[in-house]
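I opened this entry to record a few look-ups in one structure. The order is overall counts, then surface patches, then one residue in the interior.

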Amino acid sequence: MVQYNFKKITVVPNGKDFIDIILSRTQRQTPTVVHKGYAISRLRQFYMRKVKYTQQNFHEKLSTIIDEFPRLDGIHPFYGDLLHVLYNKDHYKLALGQINTARNLISKISKDYVKLLKYGDSLYRCKCLKVAALGRMCTVIKRIAPSLAYLEQIRQHMARLPSIDPNTRTILICGYPNVGKSSFINKITRADVEVQPYAFTTKSLFVGHTDYKYLRYQVIDTPGILDRPFEDRNIIEMCSITALAHLRAAVMFFLDISGSCGYSIAQQAALFHSIKSLFLNKPLIIVCNKTDLQPLEGISEEDKKLVMEMKAEAMKTVIGQGGDPASDQGVLLTMSTLTEDGVIAVKNAACERLLDQRVEVKMKSKKINDCLNRFHVAIPKPRDQKERPPCIPQVVLEAKAKQAAEKEKRRTERDLENENGGAGVYSASLKKNYILANDEWKEDVMPEIIDGHNVYDFIDPDILQRLEELEREEGLRQAEEADDDFEMDGQELTPEEKQALAEIRRKKTLLIQEHRVKKSTAESRPIVPRKFDKDRKFTTHRMGRQLSFLGLDPSLAINRARSKSRGRKRERSSERGANGGGDAMDMDVDTPNKKLRLRSSSRSRSTSRPPGEIVPGEGFKDSSQRVKAVKLAKKSAMKRNKNARRGEADRVIPTLKPKHLFSGKRSIGKTQRR
């Protein structure tokens, strides 16, 4: 678990933005309206509140900066030294100290001016004291503007640092520049470190993660180190030195035996001996890389001697951990990151060495004694020379044997499929599990049609009885039809009646067919009014001709159709007609006045229906019940109208917090009505 997350540090504003943020908040969160007519105590309280609020905001922001930045003395030594290498801890502590001093100065200024405001004797003097207090606070912030800018740069750089857990299983890769360290970490982890054919491609620490035996390992790629005095090394090299000095990890020293990195084996051996003090109490592995260009057996004797010396130094770490001094396995390994030959073997050896070392450290610690005291392994001692084998009942043995035999005998469909040609060749039989009297019947073919007859028609055992019932019912129906003489017999009709009957049946058939055609095209056929019907199929003249052709009198039918189709005109009521007629008789018919003529010939109007009158079909018993129903309907709509609802289905939720009540500055006084 990563203990340090520098990405959560709050952004540090510069001096100008810092002042704008605090003063803007003071202006928004404190009252802004004051009158000279207020009591002097109220004026003092008004300006004291502004000064105190500004001081509190400055104090909170500065305290957040001081608390969130890590303290170099309170974090892991690896991170402490790494921050010192990157940022110089003297400058870092000095910047934080100036922030702390500014916080204390602002608190002191606020305290002093609040005391002065307690004795302010006018609105003008209180306002001047407030302006002076806020001005001095802003001046203090302006003086620490360089420190704020420095801390913001540090925050941005720290947010880009890799998340390294100093206490987890770690593999550290070190060596000269351009010997294949980044290529190796790209092969065994998901890290994507830039690889270029020139030195110092990697300028900072890079982290990747790999798995071995279901455990997660942290792999750190360090920048290249040159063989020179400690004082002459730059920041990039010091990052590697810091990681080697403080991380408890398995160290893999990469050696380019081909010399393509630009440094000979002698120079790389000199670097190894100059930093070997950092390898104490850590598993050390010498990795000879780029064997595709130069195998280890092909180097010169002098170079091979130097490699053996480095191997001897690595063996000391094995002996220090309690390992076998005769076994040099996992100390000197060869590989090629280009062909990936031996890459996995090197990773496994490093993980195994690190795991053994961590287990050995835990076994030597005091905590292991607390755990061992909780365990007790009981080993029975033999009381005589007689052998006592375990006693298992015979029934249990037989049951186990039977169960094992059943497992061996049972063959699944998959086994049968594999034996008979596999998928697509073997077809499973669905009939082999049928329960029949004879197993030979399972694969018989069951016919469905025999001699043109359906087999299932003859399976029903009661079919003969049902057939007899149907025949009996059919005989009864035929007897009833013979007795009932509802249909007209053609022999009893005259030739004219037969001709009329045939014509009627033909017409009926044509009408049925025409109706079916209309019904099938009803959706797509346009609706044409009768006055635009050019065919004029259904008219009284046509009906008269047809009825006359059949020998019937069409006059009654035509008169009835005309009476049904004629609309009812609105008539003048008897009272209004009488009154209107009397008025018209009194006036002169030849009068030239147009208004009098219009007034005399007023249009007729039907009598309006009273409010309580019952209309058939409304469902009311009497007029009182109708009036009561109307009142209830109006009463139910009253609440809806008060809530400004459009109807019963209006479910709109209005704004619960109107902007004019819940925004802007809060005035002096109680706010319980908001």
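What percentage of the 674 residues of the protein chain count as buried? I read off 28%. The model is predicted, and I keep that in mind for every entry below.

Entry 1, the whole chain. I listed the secondary structure and found 21 helices and eight strands in the protein chain. I then took the accessible surface: the chain exposes about 49,300 Å², and carbon and sulfur atoms supply 53% of that area. For contacts I looked at pairs of residues at least 6 apart in sequence; 67% of these join residues at least 24 apart.

Entry 2, positive charge. Which residues gather in a patch of positive charge on the surface? I noted Lys52, Lys111, Lys115 and Lys118. I looked up one of them, Lys111, and placed it in helix H4, which covers residues 89–117. Lys111 has a relative accessible area of 54%, so it counts as exposed, the cut-off being over 50%.

Entry 3, tyrosine 47. I went on to Tyr47, which sits in helix H2 (residues 40–68). Is Tyr47 buried or exposed? Its relative accessibility is 4%. Buried means under 20%, therefore Tyr47 counts as buried. I set aside its neighbours within four places in sequence and listed the remaining contacts of Tyr47: Val34, Leu117, Leu123, Cys126, Lys127 and Lys130. I also checked Tyr47 against Lys118, a member of the positive patch. The two are 71 residues apart in sequence, and their C-alpha atoms are 9.8 Å apart in space.

Entry 4, negative charge. I found a negative surface patch formed by Glu468, Glu469, Glu471 and Glu474. Where does Glu474 lie? I located it in helix H15, residues 463–483. With 48% relative accessibility, Glu474 counts as partly exposed.

Entry 5, nonpolar surface. I recorded a nonpolar surface patch made of Ile392, Val396 and Leu397. Together these residues have about 220 Å² of accessible area. I placed Leu397 in helix H13, which spans residues 394–409. Leu397 has a relative accessible area of 37% and is partly exposed.

Closing note. I logged three patches: the positive one with Lys111, the negative one with Glu474 and the nonpolar one with Leu397. The interior residue I looked up was Tyr47, which is buried.

Notes: Residues numbered from 1 in each chain as written. Predicted model: local features only at pLDDT ≥ 70, side-chain atom pairs only at ≥ 80, totals over all residues. Heavy atoms only, no water. Patch = residues over 30% accessible without salt bridge, like charges linked within 9 Å, V, L, I, M, F, W, Y side chains within 5 Å. Areas by Shrake-Rupley, 256 points an atom, 1.4 Å probe, with all protein chains shown as cover. Salt bridge = Lys/Arg side-chain N within 4 Å of Asp/Glu carboxyl O. Lys, Arg positive; Asp, Glu negative; His and termini not counted. Charge placed at Lys NZ, Arg CZ, Asp CG, Glu CD. Helix = DSSP H or I, 4+ residues; strand = E, 2+ residues; numbered from the N terminus. Buried < 20%, exposed > 50% of the residue type's maximum accessible area, 1.4 Å probe, protein only. Contact = heavy atoms within 4.5 Å.
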